[in-house]
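Let's take a friendly walk through a protein chain together. Keep the sequence and the 3D view open as you read.

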Amino acid sequence: MKAKGSGKGEAPAGKTAPLPPFQRHFHGPQALSALVAPLTRPVLRKMHPGSAQVIADWESLVGAGLAARTRPRRLERGVLTIACAGPVAMELTMLAPQVIERINAGLGRAAVKSMRFIQAALPAPSPPRPQPAPVPLPPDVSARLEATPEGPLREALARLAAGVYRSAK
C-alpha cells in the first residue's frame, strides 16, 4: 500500500512541498535578484515588446502636445490602447490615420493597425523646469568653441561646456 502523498511531485506524508527560492526564509541577507525576478516575470511576460517600445518612445512618436494629453497602455494584436480624457478621444478618432502612420513610421514596422481609447484622468503636467543661469566659460574653451564651425555640433558642444562648468561650481 502506498503512503499518502508519495506520488510524483508531491511531498511525503507529513511534510510540505519545498518553497521556491524567493519564498524560503533564510537567516541573513538575500540577493535582491532572487526577489526581483519572480515578482517582475509575470508582469513583463504579459507586456509585448512592441508595447514596451511604444510606451518608452511615446513622446517622440506622437509629439509633445499629444503625449501630454494621452498615455499608451498596451499594444496587442495591432490594437493600441490609449488612455485619455473624453474630448481627446474624439480628437484622436479623427486623427487616427495620421497618428497610426506616425507611430508605425517611428517603430519601423506596421505594428499598429487600429486604436482603442479608454477614459482615464491623467496627472497634471509637471511645470517646466527653469532655465539655468548662463555660466561664463574659461577663455580657452570659448576660443575653441569659436573656432568650431557653425551648426549643431557647435551648439551641442556649447551646451556640454556650460553643463560641465555649471556643475563644477
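Ile82 has Phe117 as its bridge partner in β3. This pair belongs to a predicted model, so every value below is computed from predicted atoms. The strand that holds the pairing on one side is β2, residues 79-84, and six bridges join β2 to β3, the two running parallel.

Now look towards β1. Pro72 has Ile82 as its bridge partner in β2. Here β1 and β2 pair in the antiparallel sense, over six bridges. The two strands form a hairpin with two residues between them, where Arg77 takes a positive phi near 50 degrees.

Put these pairings together and you get an open sheet of three strands in the order β1-β2-β3, with mixed pairing. The edge strands are β1 (70-76) and β3 (114-119), each pairing on one side only. On average, neighbouring strands of this sheet are turned by 25 degrees against each other, direction ignored.

What else does the chain contain? In total there are seven helices and three strands. Read from the N terminus, the elements follow the order α-α-α-α-β-β-α-β-α-α. Helix α5 (residues 86-107) lies across β1, β2 and β3, and runs at about 155 degrees to β3.

Next, try colouring the nonpolar residues. In soluble globular proteins, nonpolar side chains tend to be buried together. The largest nonpolar core here has 21 residues, and the members that touch the most others are Trp58, Val62, Leu80, Val99, Ile103, Val112 and Met115. At least two residues of this core come from each of α3 (58-62), α4 (64-69), β2 and α5. The largest share, eight residues, is supplied by α5. Take Val99 as an example: leaving out residues up to four places away in sequence, Val99 touches Val62, Leu66, Leu92 and Met115.

How much of the whole chain is buried? Buried residues make up 23% of the 169 residues. The chain exposes about 12800 Å², and carbon and sulfur atoms supply 62% of that area. Among contacts between residues at least 6 apart in sequence, 52% join residues at least 24 apart.

Finally, turn to the charged side chains. Side chains of opposite charge can pair when their charged atoms come close. The count comes to three salt bridges, listed here with their closest N to O distances.

| Salt bridge | N to O distance |
|---|---|
| Arg69 and Glu91 | 3.0 Å |
| Arg154 and Glu146 | 2.9 Å |
| Arg154 and Glu150 | 2.7 Å |

Salt bridges that share partners join Glu146, Glu150 and Arg154 into one network. Arg154 sits in helix α7 (residues 152-167). Is Arg154 buried or exposed? Its relative accessibility is 15%, so Arg154 counts as buried. Glu146, by contrast, is exposed, with a relative accessible area of 57%, and Glu150 counts as exposed at 67%. Apart from its neighbours within four places in sequence, Arg154 is in contact with Leu145, Glu146, Thr148 and Pro149.

The pair of Arg69 and Glu91 links two helices: Arg69 lies in α4 and Glu91 in α5, so the pair ties together parts that are 22 residues apart in sequence. Arg69 is partly exposed, with a relative accessible area of 33%, and Glu91 also counts as partly exposed, at 31% relative accessibility.

Methods. Residues numbered from 1 in each chain as written. Predicted model: local features only at pLDDT ≥ 70, side-chain atom pairs only at ≥ 80, totals over all residues. Heavy atoms only, no water. Helix = DSSP H or I, 4+ residues; strand = E, 2+ residues; numbered from the N terminus. Buried < 20%, exposed > 50% of the residue type's maximum accessible area, 1.4 Å probe, protein only. Contact = heavy atoms within 4.5 Å. Areas by Shrake-Rupley, 256 points an atom, 1.4 Å probe, with all protein chains shown as cover. Pairing = 2+ DSSP bridges. Axes fitted to C-alpha atoms, helices over the stretch in contact; angles between N-to-C directions. Core = buried A, V, L, I, M, F, W, Y, C linked by side-chain atoms within 4.5 Å. Salt bridge = Lys/Arg side-chain N within 4 Å of Asp/Glu carboxyl O.
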